[in-house]
Each structure stands twice: as structure tokens, then as C-alpha cells.
Amino acid sequence: MNTEPWDPRRLPDLRGTSALVTGGSAGIGLHVAEQLAAAGARVTIAARSADRTRAALEALRVSVPDARVGAVALDLTDPGAIREAAAAVAAEGPLDMLVNNAGITSSPRRTETAEGHELMLAANHLGHFALTLLLLPSLAHRARVVSVGSLTHRRARMDFDDLQCRRSHRSMTAYGRSKLATLLFAFELDHRLRAVGSTVVSVAAHPGWAVDGLTPARPPMLGPSFGARVRSAPLSLLAQGKDRGAWPIVRAATDPAAWGGEYYGPSGFGSLRGVPEAQSAAEHAHDRGTAARLWEASESLTGVRWPGRP
């Protein structure tokens with residue numbers, strides 16, 4: 001495990017590298033994109049909303065005046081849109097960092113995609129599974145694939161008899177399961193990459209407890225309201241803003257000493273806030289048997305298969 005100290009405000013020089021950040025038009029993803037761009041990377045944000053994407057690009061150019069940023073349309077619940085986005089990104093040349101950040105955190109009622117997949121499983125896991133496998137041939141030498149998990153994975157278990165939550169749907173159960181799937185995929189991907197001698201590295205991270213009310217504004221985008229800031233102020237001992245929630249993800253993407261299969265999160269207060277450090281995911285997130293079943297199900301549900309030798 002990589003235990004070297006890390007200063008999130010002094011990143012490695014990323015000039016000459018490229019990154020794709022899904023969900024980069026808002027929240028943690030926007031701050032991941034900002035921090036990578038500030039270190040010199042060429043950053044493409046992938047998101048659904050054209051309006052939010054335009055606002056995010058403007059905000060990035062305000063906060064990082066010399067930022068090299070662009071965008072690609074991506075709906076992680078739409079297989080056709082995923083293929084189109086992957087083709088557009090591949091056409092831009094080798095990719096050094098793929099940050100699978102986008103996600104849906106709650107869906108009070110069970111919602112299905114057009115393909116009949118439960119919404120959070122589709123957006124948080126299946127879409128990134130397909131995008132990653134489609135982009136593997138386009139990843140640069142020693143590229144990083146970063147999967148963004150959540151502390152909720154510790155309480156979750158995969159239920160392959162009801163993977164789509166058709167018999168029983170509870171929002172937090174479905175969310176936790178989707179984030180456990182994210183980590184199972186991240187660690188299994190690294191095993192497979194090592195087995196074929198690839199130099200690509202798969203790493204995971206989680207943001208801790210990151211809340212809007214503690215997050216600095218990024219004009220011209222609307223920042224947290226005064227009321228939200230007041231309500232969030234008591235949380236500052238345990239939580240942090242989404243700018244700091246981005247730190248573990250950025251470390252996973254850029255730390256030269258990071259190993260494949262590592263997992264980064266905040267170092268303080270039960271892994272809720274603080275500078276990022278290497279941590280241990282729950283033991284069941286590393287179960288190879290569960291990962292194999294999930295991988296097989298994911299290939300079947302997405303129609304995208306492991307290419308064998310990226």
C-alpha cells in the first residue's frame with residue numbers, strides 16, 4: 001500500500017497529458033477537472049446536459065485561465081451515446097487518465113433505463129463498465145483508470161438473484177450495491193490488466209463526506225446559497241466541500257507511486273474528510289468470485305466484452 005504523504009495543493013506537472021472526467025460539469029467532477037487542468041492536463045468533461053457543460057467550461061476557464069478544456073456529450077444510461085462518446089474521445093488520441101466519476105446518488109422510486117436496467121446500476125456501474133472497455137485500446141502507456149466508489153459499499157452486498165432490484169427496491173440499498181459493483185469492477189479490471197501484461201493501471205477512490213454547503217463557488221455557476229452554507233457550517237468538523245472531496249480521486253489519477261488496485265480516501269474522522277491516503281476497501285469488494293459473476297453479468301447486460309489485450 002502506498003503510504004507516502006501527499007500534498008493535494010502541489011500536484012505533479014501534468015503538461016502533455018490528457019484526462020476524461022465523467023460527470024465533470026458539476027460537483028466533485030468539476031473540481032477534479034479543475035485540479036487536473038490547473039496542473040497542466042488537457043481535460044475533457046463528459047456529461048449529459050449541454051447547458052451545464054457550457055457553464056462548467058466557462059467556470060473552468062475563469063478559475064484556471066490557461067486551462068485546456070473541452071467536452072463530449074455522454075449519457076451513461078444510453079448504450080448508443082456511450083459508444084459515440086468513446087469514439088469521439090478515441091479520435092483525440094491516447095488518453096492518460098480516465099476518471100469514472102459520474103453517478104446518481106438516489107432514486108426514491110425504482111426507475112428503469114430504456115434497456116430495462118435499474119437506473120443507479122446503469123449510471124454508476126454499467127455505463128462506466130462499457131465506456132472503460134470501449135476506451136481500453138485508446139489508453140496511453142501507463143494510463144490510469146480511476147473508479148469512484150463510496151463508503152456505502154461496506155454495508156452493501158451483491159444480489160445476483162435480484163441485480164436489477166425488481167423484487168425489492170430501496171434507494172440506499174440500490175445505491176450501495178451500485179458502488180460495490182464499481183469497486184468490484186475496479187479491482188477485477190486491475191487483475192485482468194496485470195494478467196495480460198498491460199501497463200494501464202486501475203485505481204479506486206472515494207470522496208468521503210462531501211457536501212454542497214461547504215463547497216466554494218465557481219462563477220459563473222451558482223454556488224451554495226447562504227442558507228445552505230449556514231445549515232452546513234456545523235458539519236465542517238466531519239464533512240468537507242466537494243473541492244476537497246475531489247482530492248482522493250485526483251491523487252488516484254496522478255500520484256506516480258500509486259499501485260494498481262489501490263483505494264484512496266480522506267485520512268481523517270473515519271475517512272470522512274482530510275488529505276487523501278491509501279486505504280483498504282471492505283474485504284467483500286475484493287472477492288474474485290463475486291467480481292467474476294458481476295463481470296459476466298455486466299458483459300451480458302451491456303453487450304461490451306473484455307477485449308483480451310488492451
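**Close-up views of a predicted model**

**View 1. The surroundings of aspartate 255, a buried residue with a relative accessible area of 5%.** In this predicted model, aspartate 255 sits in the loop that runs between α8 (247-254) and β9 (263-268). Leaving aside residues up to four places away in sequence, aspartate 255 is in contact with Asn2, Trp6, Arg144 and Tyr264. Aspartate 255 counts as buried because its relative accessible area of 5% falls under the 20% limit used for that class.

**View 2. The packing of helix α4 (residues 119-135) against helix α9 (residues 288-302).** The axes of the two helices are 10 Å apart, and the helices pack at an angle of about 85°, which means that α4 is roughly perpendicular to α9. On the side of α4 the contact is formed by His125, Leu126, Phe129, Ala130 and Leu133, while α9 contributes Leu294, Trp295, Ser298, Glu299, Leu301 and Thr302.

**View 3. The salt bridge between glutamate 34 and arginine 218.** Eleven salt bridges are found in a search of the whole structure, and in the one formed by the side chains of glutamate 34 and arginine 218 the N to O distance is 2.6 Å. Because glutamate 34 belongs to helix α1 (residues 27-38) and arginine 218 to the loop between β7 (210-211) and α6, the pair ties together parts that are 184 residues apart in sequence. Glutamate 34 is buried, at a relative accessible area of 11%, whereas arginine 218, at 22%, is partly exposed.

**View 4. The salt bridge between glutamate 112 and arginine 166.** The side chains of these two residues meet at 3.8 Å, N to O. Glutamate 112 is placed in the loop between β4 (95-100) and α4, and arginine 166 in the loop between β5 (139-148) and α5 (171-195), so this salt bridge ties together parts that are 54 residues apart in sequence. With a relative accessible area of 41%, glutamate 112 is partly exposed, whereas arginine 166 counts as exposed at 53% relative accessibility.

**View 5. A salt bridge within helix α5, formed by aspartate 190 and arginine 194.** The closest N and O atoms of aspartate 190 and arginine 194 are 2.7 Å apart, and the two residues are separated by four residues in helix α5, which is about one turn of the helix. Aspartate 190 counts as buried at 7% relative accessibility, while arginine 194 counts as partly exposed at 37%. Elsewhere, Arg110, Glu112 and Arg166 are joined into one network by salt bridges that share partners.

**View 6. A nonpolar surface patch and the loop between α6 and β8.** Trp209, Leu237, Leu238 and Phe269 make up a nonpolar surface patch of about 410 Å². One of these residues, leucine 238, is located in the loop between α6 (226-232) and β8 (240-241), and leucine 238 is partly exposed, with a relative accessible area of 40%. Alanine 233 is also placed in the loop between α6 and β8, and at 41% relative accessibility alanine 233 counts as partly exposed. The C-alpha atom of alanine 233 is separated by 22 Å from that of glycine 265, a residue 32 residues apart from alanine 233 along the chain.

Terms used
Residues numbered from 1 in each chain as written. Predicted model: local features only at pLDDT ≥ 70, side-chain atom pairs only at ≥ 80, totals over all residues. Heavy atoms only, no water. Buried < 20%, exposed > 50% of the residue type's maximum accessible area, 1.4 Å probe, protein only. Contact = heavy atoms within 4.5 Å. Patch = residues over 30% accessible without salt bridge, like charges linked within 9 Å, V, L, I, M, F, W, Y side chains within 5 Å. Areas by Shrake-Rupley, 256 points an atom, 1.4 Å probe, with all protein chains shown as cover. Salt bridge = Lys/Arg side-chain N within 4 Å of Asp/Glu carboxyl O. Axes fitted to C-alpha atoms, helices over the stretch in contact; angles between N-to-C directions. Parallel < 35°, antiparallel > 145°, perpendicular 65-115°, else oblique.
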